[in-house]
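Please open the model in your viewer and set the two chains to separate colours before you begin. The tour takes each chain in turn, then the place where they touch, and ends with a few unusual backbone positions.

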Amino acid sequence: MNTIHRIWNFYYDGFRSMTLGRTLWAVILVKLFIIFFVLKLFFFPNYIKEHAEKGNEAEFVSQKLAP
Amino acid sequence: MNQLLNIDMTMVDWARAQFALTAIYHWLFVPLTLGLAVVMGIMETQYYRTGSEFWKQTAKFWQRLFGINFAMGVATGIILEFEFGTNWSNYSYLVGDIFGAPLAIEGIVAFFMESTFVAVMFFGWNKVSKGFHLASTWLTGLGATISAWWILVANSWMQHPVGQTFNPETVRNEMTSFADVALSPVAVDKFVHTVLSAWVLGAVFVVGVSSWYLLKKRHTEFATKSLRLGAVFGLISSALIMLSGHHSAYTVAQTQPMKLAAMEALYKGGTDQPLTIIAGINPFAQPDYEATDEPPLKLAVPYALSFLATNDMNGYVPGIRDILDGYTKPDGTIEPSLDEKIQLGQQAITALQDYRKAKKEGTSEETINCQLSIINSGMPYFGYGYVKDRAQVVPYIPVCFYAFRVMVGGGCLFILLFILILAPIRGRWRGTLHWVALFCIPVAYIVSEAGWLVAEFGRQPWTIQDMLPTWVGVSELGASAVMITFLLFLILFTTLLAVEISIMCKTIKKGPEL
């Protein structure tokens, strides 16, 4: 319990005493939001999941490879 | 029906451009992380050994710059994985089993190792012991380097597919030997060469920033010591990169001879081949490699290409036309011509369809085994089955040729810079040298990206070497969809870069707390 408390304090004090780090964390969080909640959700669907029937992916790709 | 005919070629171009844009921007952040990791590690080791406050503050300053770069670059590579699933779905499906393992390991290592030790490195001053802090600093760098290893393993497999077998039931390449994939000669060479190039970039950055302080006559002791350390580190890295560069060229000659021929604009090969220093190649048009034997105005070092490619001054190096027409290797084995490869590829593609049809219809085992045997023997040339003419398998020579010279020329420039920085030059010339060092920071990025261009343009048209060309690997999407995300990325990454440069400049202007 003491160890967990010390680890908690370590991170808590570290985050609290950040100066430049605050700006960097803000940039990281905005970036992650854009990547995962904007780009991934709205612009980067899994093409095969969307177009092939479930369990039929191999047949779907095999047709794409047809001569 | 030929499904591939439905794919608009501009979709392939946009998907390639988008991947290139993402990778180029991602690579703007990565090398400085790898390079500064060693520099700050050495500086903190000095602090650990001497207990000097000077080295502590010096290490802290470079760690701050490392942190800015790390924060800006983190997660930018994930976008490449999104692009696989959306734009490159056929490719992604075909290689999923092989790509998944190294990328998953990279994710786990990156997350746990780097995030744990980065936190100790930044939050742990005066809270953990000096030894534990030093270990965390080195382990942060090691974590980043190990991450690079797994990414480069994935990339190397595309350049030299080994350790897998194609399963016609699942239409996927499946890993048969993790060791073969992780330790393929291409992966080892690529890792060593890439990491060393990142060290050189880190050294140029340290030398350039230190030079700025000296030009401004600020933090002179800090700048002088950082400058010398950066130059020594850069010189050692440069010496090592020359060795790894030679070995990489040898491996490329064995595994991707067309890439080497394009890098050298070698149209007709042979023994005793010279290494071209420069030649008059039009940067905006593919040269006529079919009708001419060599580019005009060629200035070359005798025998050097043969030595680079074969470790023998008189070794045989095939040119573009030799590779297209087929040639006999020095060990007597015959490399098939393009026409023969196309035939083998077409047979494998047809056999794949016939195999699947036979399985569905429950045809005899003998027929199925016969198709399987054709697939297996033709699989190394599977991609050639989609090739229609000779020009399709020749990379764009001007980019490969000039990017290679920018990479090597830049590397030589940096060696000269490091030597001059360490030389006892005083007075006016010293000031000029510091300006040159400052100017070399953006040059180092250009040189680093040029290396990436050589590696990636040189393997065109293959997404998987010889097995899958780009126009078969892409999804059947409209070009406009990819164009929109291309522009979104351009805005996102340019903003990130502008923010990074701005924060970096402010931090540098502020200087170390000495």
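A residue is called buried here if 20 or more other C-beta atoms lie within 10 Å of its own, exposed if 12 or fewer do, and partly exposed in between. Keep in mind throughout that this is a predicted model.

**Select chain A.** By that criterion, 12% of the 67 residues of chain A count as buried. Colour the chain by secondary structure and you will find four helices and zero strands, so that, since the elements are DSSP runs counted from the N terminus, the order along the chain reads α-α-α-α. Turn the chain about its principal axes, along which the C-alpha trace spans about 60 × 30 × 20 Å. The radius of gyration of chain A is 22 Å, whereas a compact globule of 67 residues would have one near 11 Å.

**Select chain B.** Here the secondary structure comes to 17 helices and eight strands. The radius of gyration of chain B is 25 Å, close to the 24 Å that the globule rule gives for 514 residues, and chain B is therefore as compact as a globular protein of that length. Its C-alpha atoms fill a box of roughly 80 × 50 × 45 Å along the principal axes, and buried residues make up 49% of the 514 residues in chain B. Among the contacts in chain B with a separation of 6 or more, 78% are between residues 24 or more positions apart.

**Show both chains and select the contact between them.** The contact takes 30 residues from chain A and 39 residues from chain B. On the side of chain A that touches chain B, α1 (2-16), α2, α3 (47-51) and α4 (57-64) each supply at least two residues, and α2(A) gives the most, with 13 residues. The residues of that side of chain A divide into 20 nonpolar, six polar and four charged.

**Narrow the selection to residues 20-43 of chain A and residues 53-73 of chain B.** These are helix α2 of chain A and helix α2 of chain B, which pack with their axes 9 Å apart and at an angle of about 15 degrees. Because angles under 35 degrees count as roughly parallel, α2(A) and α2(B) are roughly parallel to each other. Their crossing is right-handed. Which residues of the two helices meet? Show the side chains of Leu20(A), Leu24(A), Val27(A) and Ile28(A) in α2(A), which meet Arg64(B), Gly67(B), Ile68(B), Ala71(B) and Met72(B) in α2(B). The residues of this contact divide into seven nonpolar, one polar and one charged.

**Finish with three backbone positions in chain B.** Most residues other than glycine have a negative phi, and most peptide bonds are trans.

- Go to Asp272(B), in the loop between α9 (257-264) and β3 (275-278), where phi is near 55 degrees, a positive value in a residue other than glycine. Asp272(B) has 15 C-beta neighbours inside 10 Å and therefore counts as partly exposed.
- Next select Tyr303(B), found in the loop between β4 (299-301) and α10 (304-310), which has a positive phi of about 65 degrees although it is not a glycine. With 17 C-beta neighbours inside 10 Å, Tyr303(B) counts as partly exposed.
- Last, select Pro461(B), in the loop between α15 (428-457) and β7 (462-464). The peptide bond from Gln460(B) to Pro461(B) is cis, with omega near 10 degrees.

Note on methods:
Residues numbered from 1 in each chain as written. Chains lettered and ligands numbered in written order. Predicted model: local features only at pLDDT ≥ 70, side-chain atom pairs only at ≥ 80, totals over all residues. Axes fitted to C-alpha atoms, helices over the stretch in contact; angles between N-to-C directions. Parallel < 35°, antiparallel > 145°, perpendicular 65-115°, else oblique. Left-handed = near helix turned anticlockwise from the far one by under 90°. Contact = placed C-beta atoms within 7 Å. Nonpolar A, V, L, I, M, F, W, Y, C, P; charged D, E, K, R; others polar. Rg over C-alpha atoms; globule rule 2.2 N^0.38 Å.
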